[in-house]
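Trainee: I'd like to learn how the terms in a structure description are earned. Could we go through one together?
Mentor: Gladly; let's have it in front of us.

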Amino acid sequence: MEIRTFDQLLEEAKKRGRRKLAVAFPEEVSLHAALLAHEAGIAAPILVGIPDRIRELLSQAGVDTDAFEIEEAGSPSEACAVAVALARDDKVDIILKGGAQTAQMLHAVLDKENGIRASKVLSECSLYEDTRVRHSLLAVVDGGILIAPTLEEKVEAIRNTVNVYHKLGYENPKVAVLAAVETVTDKMPCTEDAAIIARMWERGQIKGCVVDGPLALDNAISERAAAIKGLSGPVVGNADILIVPDIEGGNLLGKSMSYFAGFTSAHVTIGARKPVLVPSRADDGRTKLMSVALGIVAYY
């Protein structure tokens with residue numbers, strides 16, 4: 001069965017049992033998310049940071065200061081390294097970034113000697129719950145990690161995200177490679193990438209999904225808009241996964257969906273040995289809870 005809502009995602013995560021969750025340098029929101037994940041029965045938090053500060057946060061949250069395991073780390077960057085080491089040694093199952101910066105977390109994950117990189121490309125899968133029109137989960141890739149992705153990086157990001165969708169129950173997810181227009185022009189290199197990727201799919205170089213592009217956003221998600229423009233195909237108007245040209249496009253699109261449309265979101269970084277969660281520090285507790293659930297379902 002395809003998972004089409006975050007409530008279904010959370011229920012599916014519960015079936016996997018509690019997973020050990022390392023929170024790198026917890027602050028109020030990430031600690032709240034860890035407590036929510038614990039209460040939901042999907043995570044056993046391990047808090048990595050300055051012990052006295054962590055106990056202070058637990059006390060402020062009305063939680064026994066000895067309720068959870070604490071691993072000492074004196075700074076955000078050290079907390080990221082400790083969390084990654086725990087994951088590398090299979091002592092934790094998931095890493096959640098707390099008050100650290102994304103760059104600090106990725107530096108630890110990608111460290112050649114001590115990191116947990118598992119594939120050629122790390123990419124972020126951001127899911128948005130569309131309860132207004134589509135009643136489904138829509139992925140935006142990549143608004144958080146790949147700054148100016150090459151053709152190869154876009155293809156690997158598609159493969160990473162398709163694997164997540166298979167875990168969500170989608171047998172053949174529909175992938176739209178986005179641009180501002182539907183025609184190929186050398187004035188917009190992303191349209192050339194999109195056309196090449198679509199051709200690669202036709203030739204069987206990308207499997208487990210359906211790919212089309214270049215497609216403008218409206219034609220990827222609106223059958224009406226596509227019909228007006230005379231476009232047709234299995235992806236047109238019904239995309240599950242949106243591949244954006246660069247990080248600016250993904251970041252703006254994703255935050256517009258959250259702040260203007262009010263969609264709930266979840267984020268997981270794919271390509272490491274364990275799920276790594278690097279949501280924005282401004283994301284609320286529910287977003288981070290759903291990110292934990294997404295990481296569990298995507299990997300376990």
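Mentor: We begin with a term: a helix is a DSSP run of H or I with at least four residues, numbered from the N terminus. Keep in mind that this is a predicted model.

Trainee: What makes Pro76 part of a helix?
Mentor: Pro76 is found in helix H4, which covers residues 76-88. A helix needs a run of at least four residues, and Pro76 belongs to such a run, H4.

Trainee: Why is Pro76 called partly exposed?
Mentor: The relative accessible area of Pro76 is 23%. Buried means under 20% and exposed over 50%, so Pro76 falls in between.

Trainee: Which residues does Pro76 touch, leaving aside those up to four places away in sequence?
Mentor: Those are Phe25, Ala100 and Gln104. A contact requires heavy atoms within 4.5 Å. For a distance across the model, take Pro76 and Asp218: they are 142 residues apart along the chain, and their C-alpha atoms are separated by 40 Å.

Trainee: Is Glu78, also in helix H4, buried, partly exposed or exposed?
Mentor: Glu78 has a relative accessible area of 37%. With the limits at 20% and 50%, Glu78 is therefore partly exposed. With residues up to four places away in sequence left out, Glu78 touches Glu72 and Ala73. Between Glu78 and Ile42, 36 residues apart in sequence, the C-alpha to C-alpha distance is 26 Å.

Trainee: How do you know that Arg286 and Asp7 form a salt bridge?
Mentor: Their side chains meet at 3.8 Å, N to O. The cut-off for a nitrogen of Lys or Arg and a carboxyl oxygen of Asp or Glu is 4 Å, so the pair qualifies.

Trainee: What does the Arg286 and Asp7 pair tie together?
Mentor: Arg286 lies in helix H11 (residues 285-299) and Asp7 in helix H1 (residues 6-14), so the pair ties together parts that are 279 residues apart in sequence. As for accessibility, Arg286 is partly exposed at 36%, whereas Asp7 has 51% and counts as exposed. The limit for exposed is over 50%, which is why Asp7 gets that word.

Trainee: What makes Asp52 and Arg55 a salt bridge, and how are they placed in their helix?
Mentor: Their N to O distance is 3.8 Å, and the cut-off is 4 Å. Asp52 and Arg55 are three residues apart in helix H3 (residues 51-60), so about one helical turn separates them. Asp52 is exposed at 61%, while Arg55 is partly exposed at 33%.

Trainee: Why does the pair of Lys15 and Glu12 count as well?
Mentor: Lys15 and Glu12 meet at 3.4 Å, N to O, and 4 Å is the limit. Lys15 has 64% relative accessibility and so counts as exposed.

Trainee: How many salt bridges does the search of the whole structure find?
Mentor: It finds 17. There is also a network of salt bridges that links Lys120, Glu152, Glu156 and Arg159.

Trainee: How do you know that the chain agrees with the rule for a compact globule?
Mentor: For 300 residues the rule gives a radius of gyration near 19 Å, and the chain has 19 Å, so the two agree. The C-alpha atoms fill a box of roughly 65 × 40 × 30 Å along the principal axes. The chain has eleven helices and eleven strands, and 51% of its 300 residues count as buried.

Trainee: What makes the space of about 50 Å³ a cavity?
Mentor: A cavity is space where a 1.4 Å probe fits but cannot get out. One cavity of 30 Å³ or more is counted, and the volume of the largest is about 50 Å³. Its lining residues include Val141, Asp142, Lys154 and Ile243. By class, the lining has six nonpolar, no polar and three charged residues.

Trainee: And why is the space of about 610 Å³ called a pocket?
Mentor: A pocket is an open set of points, and the largest pocket holds about 610 Å³. Its lining has 29 residues, with Lys255, His267, Pro279, Ser280 and Asp283 nearest the centre. Helix H10 (247-259) gives the largest share, six residues. The lining divides into seven nonpolar, 15 polar and seven charged residues.

Definitions and conventions: Residues are numbered from 1 along each chain as its sequence is written. This is a predicted model: local features need pLDDT of at least 70, side-chain atom pairs count only at pLDDT 80 or more; totals for chains, interfaces and linings use all residues. Side-chain values use heavy atoms; hydrogens and water are left out. On a 1 Å grid over the protein atoms alone, a cavity is a set of points where a 1.4 Å probe fits but cannot get out, and a pocket is an open set with protein on both sides within 12 Å along at least five of seven lines; lining residues have an atom within 4 Å of a point. Grid points are joined across faces, edges and corners, and a volume is the space filled by probe spheres set on the points. Ala, Val, Leu, Ile, Met, Phe, Trp, Tyr, Cys and Pro count as nonpolar, Asp, Glu, Lys and Arg as charged, and the others, Gly among them, as polar. Helices (H or I, at least four residues) and strands (E, at least two) are DSSP runs, numbered from the N terminus. Buried means under 20% relative accessible area, exposed over 50%, partly exposed in between (1.4 Å probe, protein chains only). The radius of gyration is taken over C-alpha atoms; the globule rule is 2.2 Å times the number of residues to the power 0.38.
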